[in-house]
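Here's a quick briefing to help you find your way around. Have a look at the structure first, then go through the points below.

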Amino acid sequence: MRHTRLRAVTTAAVAAVAALTLAACGGASPGDSTDGSTDGNTSDGDDGDSAAGGEAGAWILTGGGWPVTAASFERWNEANADQQITVEEFENDAFKEKIRTSVGSGEAPTLIMNWTGGTLADYVANSQVDDITAETEDLVSRVMPSVAQNGVIDGTTYAVPMNDVQPVILYYNEDVFAQAGIEVPTTWQETLDAVATLSDAGIIPFSLAGQSVWPELMWIQYLTDRIGGPEVFQAVLDGEADAWSDPAIVEALTKIQELVDAGGFGDAFASVAADQSADAALVHTGRAAMLLQGSWVYATFHTDNPEFATSALGFTTFPTIEGGSGDPGNIVGNPANFWSISASASDEAKQTALDYLNEFVYDEDQLTAMLDAGSVPPVAGLEDRIAQSDDAEYLEFAYGMVNDAPHFQLSWDQALPADQAQELLTNLSQIFLGEIIPQQFVDAMNATL
Amino acid sequence: MTTVERPGAATPTRPVAAVRRARTGPSFWMAVPALAFFALFALLPLGGVAVLSFMEWDGLGTPRWDGIGIWIDTLTDQATLDALWRTIVFVVVSYLFQAPVALLLGVFMAGRQRYRAVWSVLYFLPLLFSSAAIGITFRSLLDPNFGLSRAFPAGTLSTNWLGNPDLALYAAIFVLGWCWVPFHALLYQAGVRQIPASLYEAAVLDGAGRVKQFRYVTLPQLRYTIVTSSTLMIVGSLTCFDIVFVLTGGGPGEATRILPLDMYLTGFRSYQMGPASVIAVVLVVVGLAVSLLLNRITGSSRMQSQQAGA
């Protein structure tokens with residue numbers, strides 16, 4: 001009797017647990033927020049069961065200038081108790097992987113951060129972000145046109161910039177150049193000469209985060225633009241047949257391999273990772289002379305080695321290429337990060353998000369915070385404020401660079417659709433490693449068009 | 001809940017239940033929760049992946065049926081074949097590295113001298129760390145600019161382990177082994193401790209030295225431990241993702257892009273869910289086939305006692 005009883009109790013308990021488990025799983029209908037269980041209190045735009053109707057959600061990144069954005073949301077939430085915006089912070093790669101599936105399943109936060117380009121085009125093609133042309137007219141009019149236009153597709157605004165403009169800049173260690181007794185190169189020939197001198201002195205000429213691969217893009221982007229102008233990559237974006245076969249791209253690839261062979265990046269660049277700022281560390285520890293990186297590393301230098309950043313950090317533009325037809329004023333990089341509004345959000349959440357965009361993006365407080373952090377707002381007419389800031393020299397350089405640029409090329413991996421971008425990164429890393437020759441790169445990339 | 005009423009309700013069925021239990025051991029219902037979990041969290045997603053492998057989907061729009069075309073494209077793609085070859089090298093070299101080291105360590109640790117306990121604790125340490133943490137640590141240690149070579153400027157240490165396409169895969173195999181050898185050594189230690197001392201006494205009487213004892217007593221007695229450990233090692237390295245992903249992300253170039261990474265990068269970087277699902281299905285099938293095959297050829301499905309006469 002005792003055994004049977006025990007067994008029956010166990011059976012019943014097991015059945016109950018199984019039933020509960022099944023019920024719990026069955027209860028998760030597509031409309032519910034499944035993120036809540038893994039991330040804590042996500043406020044998804046589409047769920048009707050949020051307490052206040054005006055509640056919205058936003059995902060942002062960590063590091064770089066992102067604390068400024070986080071602070072902006074904090075100010076918003078303090079001032080708008082009935083229109084709270086829940087903010088979650090992600091590491092860059094984690095964000096990119098999570099946002100796409102969230103958007104695809106209609107679970108996206110109200111404010112969808114993106115880099116425009118291929119990703120935004122995908123969102124638009126699938127009607128997952130709203131047309132915000134009329135609502136954001138005022139904000140867009142304050143932003144530099146070369147930056148704002150990235151969020152416009154076929155005359156309709158789907159995304160608006162929300163943080164600093166991020167041109168790629170050539171940083172250098174002034175002390176190292178003084179020791180080596182040479183000047184910072186301004187042409188390709190001077191670059192090759194500098195590489196020879198620095199290598200002989202046991203210094204890595206250019207620090208390069210080859211393990212992360214995307215910093216290698218900056219090289220091919222600048223070289224292609226200097227040699228052939230922005231039209232070369234535009235043909236790729238337009239999907240023209242054999243667009244990668246352009247002589248400018250082949251020459252850029254050849255120059256990259258010449259530079260690698262000459263020891264331009266040292267012999268261990270494939271072990272250097274950008275997400276740990278190892279590339280910047282090589283420069284501020286004096287083991288590398290130069291670094292081609294986005295404007296965000298200026299803040300990294302100041303955080304990691306303030307003494308170096310205030311005394312020996314130099315910055316300049318990418319060298320010109322003899323015989324190149326591209327305008328030397330052109331720049332590459334990320335025009336900014338952008339906000340789009342999720343089409344699947346509730347009307348109240350959308351209104352909250354729009355109010356935030358119009359009232360808080362690039363408002364006085366945010367502009368001040370950005371300039372204090374050494375980052376450049378893509379807002380016209382800031383010359384006077386920049387001249388009075390602590391980092392006036394650098395900010396004036398970067399601001400002028402962006403303001404005067406005839407063309408601002410969005411990073412290729414962001415501009416292209418995801419599958420082409422991955423193919424590009426893989427093949428480019430093999431060019432840097434010397435595993436393939438330029439023609440193999442061109443053939444592989446033409447196959448993706 | 002209803003548990004209070006159930007005992008009474010179950011009583012009338014006692015004779016039947018008793019008969020069935022005598023025939024089949026523990027009640028089938030004991031397996032229900034495990035089966036339910038398995039069905040929900042393994043079989044159901046697996047079915048989803050199988051269906052998705054015939055579809056074109058970028059993660060955003062609606063999946064579009066494409067049929068067998070994706071399978072043909074993916075399996076004839078040179079990148080997939082390269083990844084497959086790398087995976088084979090990865091699995092074989094991992095096994096050749098891990099199995100002997102784990103076996104010898106396990107046998108050594110099964111001894112009962114006190115100093116061995118101290119060593120054993122040290123050997124087990126890697127088992128306590130998460131693989132992501134191990135990956136990040138080794139990436140820093142092996143960094144030729146800021147890693148171990150800075151502290152000990154010795155020649156081989158400053159080798160570009162993770163940045164050299166010819167070395168990266170083997171560096172990853174070493175780190176994977178460093179992670180998992182303790183676990184398998186633990187299996188072997190337990191296995192060795194199960195061997196009756198009388199077998200060794202008999203061997204000594206027959207004049208067997210240490211090597212012969214190992215060869216003729218320990219190894220045969222460990223047969224099923226070896227099968228279990230080998231299956232875990234092979235299937236484990238076949239599906240190994242985390243360590244390699246954290247260490248190299250599949251690079252430099254494509255040097256460490258083994259199938260699990262190929263699957264992930266295709267799915268979540270290129271957003272080609274169809275081809276990624278094909279690779280996933282291939283991995284599942286190969287993994288299942290390998291473990292079944294190992295069981296079959298070693299006869300361990302019968303699992304007889306090896307201690308007859310002990």
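Let's start in chain A, at A:T317, which sits in the loop linking β10 (313–316) and β11 (331–334) of that chain. Keep in mind as you look around that this is a predicted model. After that spot, we'll move over to chain B, which has 15 helices and 2 strands.

**A loop residue in chain A**
- With a relative accessible area of 33%, A:T317 counts as partly exposed.
- Leaving aside residues up to four places away in sequence, A:T317 touches A:L170, A:F397 and A:M401.
- A:Q276 is 41 residues from A:T317 in sequence, and their C-alpha atoms are 24 Å apart in space.

**Chain B as a whole**
- Chain B runs to 310 residues, and 40% of them count as buried.
- Take the contacts in chain B between residues at least 6 apart in sequence: 66% of these join residues at least 24 apart.

**A loop residue in chain B**
- You'll find B:G67 in the loop between β2 (64–65) and α4 (69–76) of chain B.
- Is B:G67 buried or exposed? It's buried, because its relative accessible area is 13% and the cut-off for buried is under 20%.
- B:G67 and B:F54 are 13 residues apart along the chain, with 4.8 Å between their C-alpha atoms.

**Annotated transmembrane regions in chain B**
- An unreviewed UniProt entry puts the label "transmembrane region" on residues 28–55, 83–109, 121–142, 167–188, 224–251 and 271–294 of chain B.
- One of these is 167–188; in the model that span is 95% helix and 0% strand, and its end C-alpha atoms lie 30 Å apart.
- Another is 224–251, where the model has 75% helix and 0% strand, with 37 Å between the end C-alpha atoms.

**Two packed helices in chain B**
- Helix α10 (residues 197–205) and helix α11 (residues 210–221), both of chain B, pack at an angle of about 155°, and their axes are 10 Å apart.
- Angles over 145 degrees count as roughly antiparallel, so that's how α10(B) and α11(B) run relative to each other.
- The crossing of α10(B) past α11(B) is right-handed.
- Which residues of the two helices meet? From α10(B) there are B:L199, B:Y200, B:A203 and B:V204, and from α11(B) there are B:Q213, B:V217, B:T218 and B:Q221.
- Sorted by type, the residues in this contact come out as 5 nonpolar and 3 polar, with no charged ones.

Notes:
Residues numbered from 1 in each chain as written. Chains lettered and ligands numbered in written order. Predicted model: local features only at pLDDT ≥ 70, side-chain atom pairs only at ≥ 80, totals over all residues. Heavy atoms only, no water. Axes fitted to C-alpha atoms, helices over the stretch in contact; angles between N-to-C directions. Helix = DSSP H or I, 4+ residues; strand = E, 2+ residues; numbered from the N terminus. Parallel < 35°, antiparallel > 145°, perpendicular 65-115°, else oblique. Left-handed = near helix turned anticlockwise from the far one by under 90°. Contact = heavy atoms within 4.5 Å. Nonpolar A, V, L, I, M, F, W, Y, C, P; charged D, E, K, R; others polar. UniProt positions renumbered as here; feature names shortened; annotations may be inferred. Buried < 20%, exposed > 50% of the residue type's maximum accessible area, 1.4 Å probe, protein only.
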